[in-house]
Amino acid sequence: MSGLRAGMIGLGAMGAPMARHLAAQGHLRGVWNRTANRGEALARELSVVAASDPAALAGLCDVVLICVSADADLRAVVRALLPGLRPGMVVVDTSTVSPLTARELAAELNERDVGFVDAPVSGGVEGAVKGRLSVMVGGKSADISRIRPLLDSFAATVTHMGAGGAGQAAKAVNQVMVGGIAEAVCEGLALAEKLNLDQQRLLSVLGAGAADSWFLQHRGPSMLQNRFAEGFKLALLRKDLEIVQSLARELDISLETVALALRDCESLVAGGDGDCDISALITLKRRPATGR
Ligand code: NAP
């Protein structure tokens with residue numbers, strides 16, 4: 001055991017299973033969640049403290065891990081943590097935000113002698129539940145070595161990509177591929193439905209060949225049954241693709257697949273499907289091409 005006392009903030013689809021792994025390895029002291037009953041329920045389940053606010057949680061811990069939705073949410077949580085942070089503590093962000101946000105928060109916290117590690121994750125809700133996430137890390141080596149046992153509790157791999165923000169830069173690349181693969185798999189399966197192909201046999205033959213992917217394996221069967229309730233929300237992919245687009249503008253590179261995936265996400269979010277899993281993209285692909 002590391003001897004580190006950890007707290008977890010943000011107990012959604014990803015944060016709750018990550019907290020369970022931290023608890024199973026004996027690291028977790030407390031949790032905080034904006035919607036209090038979620039935090040209280042998990043604290044009861046794991047026999048840890050349900051802190052009254054982020055600063056109170058920081059007071060119990062050496063390391064605070066965060067998994068919230070977007071840049072503004074992360075900034076708000078870090079602001080609320082400030083009164084409870086002490087020199088020598090480390091804040092670890094596992095949310096997906098822009099590299100700029102990660103660099104700015106690292107600079108702000110480092111001024112107070114508090115470490116900041118950006119540690120976005122990939123592997124979906126299934127990866128979080130199984131403790132098999134791929135973690136892309138940016139920050140100082142000394143901070144990362146210290147908190148490594150905490151990341152190991154929910155990770156299959158932990159890769160130090162470079163200085164502060166480098167983990168989020170790697171995650172942006174990951175999301176270009178996540179968006180593109182989702183577009184391709186949803187288009188392919190929408191076409192398969194029109195061709196009246198046997199779904200079981202199709203998934204099996206595709207999964208055994210070069211078109212296989214995490215998304216096909218984990219979301220192929222459920223999207224063909226119109227089940228989109230759980231997973232990675234369209235609103236979150238939209239946020240990620242906006243981060244990617246802003247990086248592309250900055251670097252003067254044109255990412256056409258990202259533009260397409262972003263347009264499709266925006267359309268579904270505007271129609272009220274923002275909380276659906278990204279496999280709901282297939283519902284757009286099923287629409288008649290004429291009159292779109
Ligand atoms: P989620 O289920 O929607 O959970 C979001 C969590 O953030 C909730 O606990 C929510 O609190 C909290 N939150 C949001 N805004 C907040 C704020 N302003 N202040 C405090 N707490 C706030 O989302 P998720 O799927 O766990 O995703 C979390 C992060 O992981 C996102 O950055 C996402 O892009 C990334 N990610 C997700 C996946 C995936 O497959 N789902 C995979 C890799 C990475 P409430 O309970 O009060 O709403």
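**Asking how we know: strands, cores and a cavity**

Author: In this predicted model, strand β6 (residues 115-118) is covered on both faces: Gly 115 and Val 117 on one side, and Phe 116 and Asp 118 on the other, are all buried.

Reader: What makes the residues of β6 fall on one side and the other?

Author: In a regular strand, side chains alternate between the two faces of the sheet. In β6, Gly 115 and Val 117 share one side, while Phe 116 and Asp 118 are on the other.

Reader: What makes β5 and β6 a pair?

Author: Two strands count as paired if there are at least two bridges between them. Strand β5 (residues 90-93) and β6 have four bridges and run in the parallel sense, so they pair. Asp 93 has Asp 118 of β6 as its bridge partner.

Reader: Why is helix α1 called largely enclosed?

Author: Buried means under 20% relative accessible area. Seven of the ten residues of α1 (residues 15-24) are buried, so the rest of the structure largely encloses this helix. The buried residues in α1 are Gly 15, Ala 16, Pro 17, Met 18, Ala 19, His 21 and Leu 22. After α1 comes Gly 26, with a positive phi near 80 degrees.

Reader: Why is Glu 108 called partly exposed?

Author: Partly exposed lies between the 20% and 50% cut-offs. Glu 108 has a relative accessible area of 33%, so it is partly exposed. Glu 108 is found in helix α5 (residues 99-111). Val 78 is 30 residues apart from Glu 108 in sequence, and their C-alpha atoms are 9.9 Å apart in space.

Reader: Which residues touch the most other members of the largest nonpolar core?

Author: That core has 34 residues, and the ones touching the most other members are Met 8, Leu 65, Val 92, Val 135 and Leu 151. A second, separate core of 31 residues includes Leu 216, Leu 234, Cys 265 and Leu 284.

Reader: What is Val 135 in contact with, leaving aside its neighbours within four places in sequence?

Author: Among its contacts are Ala 119, Pro 120, Val 121, Leu 151 and Phe 154.

Reader: How many cavities of 30 Å³ or more does the structure hold?

Author: There is one, with about 30 Å³ of space in it. A cavity is a space where a 1.4 Å probe fits but cannot get out. Helices α8 (166-194) and α11 (234-251) each supply at least two residues of its lining, and α8 gives the most, with four.

Reader: Which classes make up that lining?

Author: It has four nonpolar, three polar and two charged residues, including Val 97, Gln 168 and Lys 171.

Notes: Residues numbered from 1 in each chain as written. Predicted model: local features only at pLDDT ≥ 70, side-chain atom pairs only at ≥ 80, totals over all residues. Heavy atoms only, no water. Core = buried A, V, L, I, M, F, W, Y, C linked by side-chain atoms within 4.5 Å. Buried < 20%, exposed > 50% of the residue type's maximum accessible area, 1.4 Å probe, protein only. Contact = heavy atoms within 4.5 Å. 1 Å grid on protein atoms, 1.4 Å probe; cavity = no way out; pocket = protein on both sides within 12 Å on 5 of 7 lines; lining within 4 Å. Points joined across faces, edges and corners; volume = space filled by probe spheres on them. Nonpolar A, V, L, I, M, F, W, Y, C, P; charged D, E, K, R; others polar.
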